[in-house]
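I opened this model to look up its domains, its cores and its ligand site. My notes follow the order in which I checked things.

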Amino acid sequence: ALQCGIVGLPNVGKSTLFNALSNAKAEAANFPFCTIEPNVGVIQVPDERLKILEGLVNPQKVLPTVIEFVDIAGLVKGASKGEGLGNKFLANIREVDAIVHVIRCFNDENIVHVDGKVDPVTDKFVIDTELQLKDLESVEKKIVKNAKVAKSGDAKAKKEVAILERFKEALENGHNARAVDVEPEELEAVSDLHLLTIKPVIYLANVDEDSIAEGNQYVEQLKEAVKEEDAQVLTVCAALESQIAEIDEEDEREMFLAEYGLTESGLNRLIKASYALLDLITYFTAGVTEVRAWTIRKGWKAPQAAGVIHTDFERGFIKAEVIKLDDYQQYKTEAGCKEAGKISIEGKDYVVQDGDIMHFRFNV
Ligand code: GDP
């Protein structure tokens with residue numbers, strides 16, 4: 001599964017958030033949250049469409065799709081120079097697919113702030129800087145290496161150096177690698193570096209209970225600071241989320257949320273936003289034994305999508321039968337859809353769409 005790393009300064013609420021995720025009551029009991037390692041958890045992606053399909057198909061089980069969250073504690077100022085356990089934590093970040101950057105936007109005299117005062121913009125700056133310094137190191141190393149090759153007349157290396165120089169300049173000026181305006185094919189020059197600041201990011205403003213619905217001045221400051229970044233700021237109260245996660249009954253949970261002017265838990269919003277951030281979409285398989293959601297990247301064609309279920313499906317792919325959820329709802333059964341001419345037969349070039357209900361035909 002794809003992984004989101006939870007990062008931020010100490011005492012901003014990362015563990016609280018991670019624990020809330022760990023305790024979140026699963027919608028379908030078949031696939032409860034499980035902790036793989038102390039700091040890695042698997043969580044179901046909430047999806048209303050599964051409920052609709054469940055109602056129509058009445059399967060023995062329902063399997064939502066999942067993503068993993070990793071609690072990456074211990075980032076402090078100086079981490080890129082090996083301060084604290086800096087290098088270890090930075091290495092952990094290198095392995096994740098996306099970053100959830102938690103930023104303290106709550107006042108609480110009892111909880112020490114590492115720098116003595118709540119200042120979301122500076123906090124974000126401190127973390128960004130550490131990640132950027134580490135990236136700068138990687139980029140500079142590769143420039144030196146490539147420059148040697150370029151000298152001997154290697155055109156590709158020369159071209160790469162030019163691209164790398166652009167990343168270097170941006171990083172030196174306090175920008176993240178993801179902000180560098182490059183053509184998709186130019187990204188190849190840095191893809192082997194697994195840059196930390198090129199990974200997609202969500203900023204999570206951790207506020208107190210009173211600020212969930214309306215936000216507060218810290219959230220405003222943070223939003224202002226990231227407005228050029230094309231990144232989402234989610235306002236969540238981690239402390240409250242742990243309480244919400246403890247509630248078993250869905251009705252009770254909804255009532256609890258309503259008291260705070262919310263219709264959906266912050267965790268749900270976070271999970272969905274992370275999924276979208278990773279450019280992931282879902283297709284479904286629907287049979288009486290199981291209704292299941294499968295995760296693929298946007299733009300994948302039918303054989304590749306089939307490969308998520310089993311590599312044989314991809315290798316032996318013949319065709320796919322596709323039903324749209326709306327049609328399934330209208331005609332109730334697969335047979336009904338067939339009769340109405342609502343099952344389309346697609347070949348290997350079909351680009352799977354979010355929400356497609358797929359049935360693959362393949363040779364073994
Ligand atoms: P971490 O170091 O980033 O993992 O931070 P923790 O999750 O351990 O949180 C640090 C302290 O802040 C703990 O005492 C939490 O109970 C508290 N805390 C976390 N989130 C909130 C919040 O939303 N509001 C308030 N008032 N306290 C919080």
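These entries go from the domains to the cores, then to the ligand and a few single residues.

**Entry 1: domains**

I noted at the start that this is a predicted model. I looked up how the chain is divided. I found domain 1 (3-46 + 65-114 + 198-277), domain 2 (126-195) and domain 3 (299-362). Domain 1 is written as three segments, 3-46, 65-114 and 198-277.

I then took domain 1 and domain 2 as a pair. Their centres, taken over C-alpha atoms, are 30 Å apart. The contact uses 13 residues of domain 1 and eleven residues of domain 2. I sorted the domain 1 side by residue type. It splits into seven nonpolar, three polar and three charged residues.

**Entry 2: cores**

Which residues have the most contacts inside the largest nonpolar core? I got Ile 6, Leu 204 and Ala 205, in a core of 62 residues. Helix 5 (residues 155-172) is the biggest contributor, with six residues. Both domain 1 and domain 2 supply at least three residues to this core.

I followed Leu 204 further. Residues up to four places away in sequence were left out. Leu 204 touches a run made of Val 100, His 101, Val 102 and Ile 103. Leu 204 also touches Leu 234, Val 236 and Leu 270.

There is a second core, separate from this one, with 26 residues. Among them are Leu 50, Ala 286, Ala 305 and Phe 313.

**Entry 3: ligand shell**

Next I listed what lies around the ligand. The shell has 17 residues. The closest are Gly 13, Lys 14, Ser 15, Thr 16 and Ala 239. Helix 1 (14-23) and helix 8 (238-246) each give two or more residues to the shell. Helix 1 has the largest share, with three residues. By type, I noted eight nonpolar, six polar and three charged residues in the shell.

I compared this with the record. The unreviewed UniProt entry has a "binding site" annotation on Asn 11, Val 12, Gly 13, Lys 14, Ser 15 and Thr 16. Gly 13, Lys 14, Ser 15 and Thr 16 are on that annotation and are also among the closest residues to the ligand.

**Entry 4: Lys 14 and Ser 15**

Is Lys 14 buried or exposed? Lys 14 is buried, because 26 C-beta neighbours lie inside 10 Å and the cut-off for buried is 20 or more. Lys 14 sits in helix 1. Neighbours within four places in sequence aside, Lys 14 contacts Ile 6, Gly 8, Asp 71, Ala 73 and Val 102. Two of these names came up earlier: Ile 6 in the largest core and Val 102 among the contacts of Leu 204.

Ser 15 is in helix 1 as well. Ser 15 is partly exposed, because 17 other C-beta atoms lie within 10 Å. With neighbours within four places left out again, Ser 15 contacts Asp 71 and Ala 73. Asp 71 and Ala 73 also appear on the contact list of Lys 14.

**Entry 5: helix 8**

I asked which residues of helix 8 are buried. They are Ala 238, Leu 240, Glu 241, Ser 242 and Ile 244. These buried residues pack against helix 1, strand 7, strand 8 (232-236), helix 9 (250-259) and helix 10.

**Entry 6: positive phi and loops**

I checked for positive phi outside glycine. Asp 279 has phi near 65 degrees. Asp 279 is in the loop between helix 10 (266-277) and strand 9 (280-286). With 14 C-beta neighbours inside 10 Å, Asp 279 is partly exposed.

Lys 332 has a positive phi of about 70 degrees. Lys 332 is in the loop between helix 13 (325-331) and helix 14 (334-339). Lys 332 counts as exposed because it has 12 C-beta neighbours inside 10 Å.

I also looked at Asp 210, in the loop between strand 7 (201-206) and helix 7 (217-226). Asp 210 is exposed, with 11 other C-beta atoms within 10 Å. Asp 210 and Phe 106 are 104 residues apart in sequence, yet their C-alpha atoms are 9.6 Å apart.

**Entry 7: the TGS span**

Last, I looked up the C-terminal annotation. The unreviewed UniProt entry gives "domain: TGS" for residues 279-362. The end C-alpha atoms of this span lie 27 Å apart. The span is 29% helix and 37% strand.

Technical notes:
Residues are numbered from 1 along each chain as its sequence is written. This is a predicted model: local features need pLDDT of at least 70, side-chain atom pairs count only at pLDDT 80 or more; totals for chains, interfaces and linings use all residues. A nonpolar core is a set of buried Ala, Val, Leu, Ile, Met, Phe, Trp, Tyr and Cys residues joined through C-beta atoms within 7 Å. Helices (H or I, at least four residues) and strands (E, at least two) are DSSP runs, numbered from the N terminus. Domain bounds come from an automatic or database domain assignment. Two residues are in contact if their C-beta atoms, placed from the backbone, lie within 7 Å. A residue is near a molecule or strand if its C-beta atom, placed from the backbone, lies within 6 Å of it. Ala, Val, Leu, Ile, Met, Phe, Trp, Tyr, Cys and Pro count as nonpolar, Asp, Glu, Lys and Arg as charged, and the others, Gly among them, as polar. UniProt positions are given in the numbering used here, feature names are shortened, and annotations may be inferred rather than shown by experiment.
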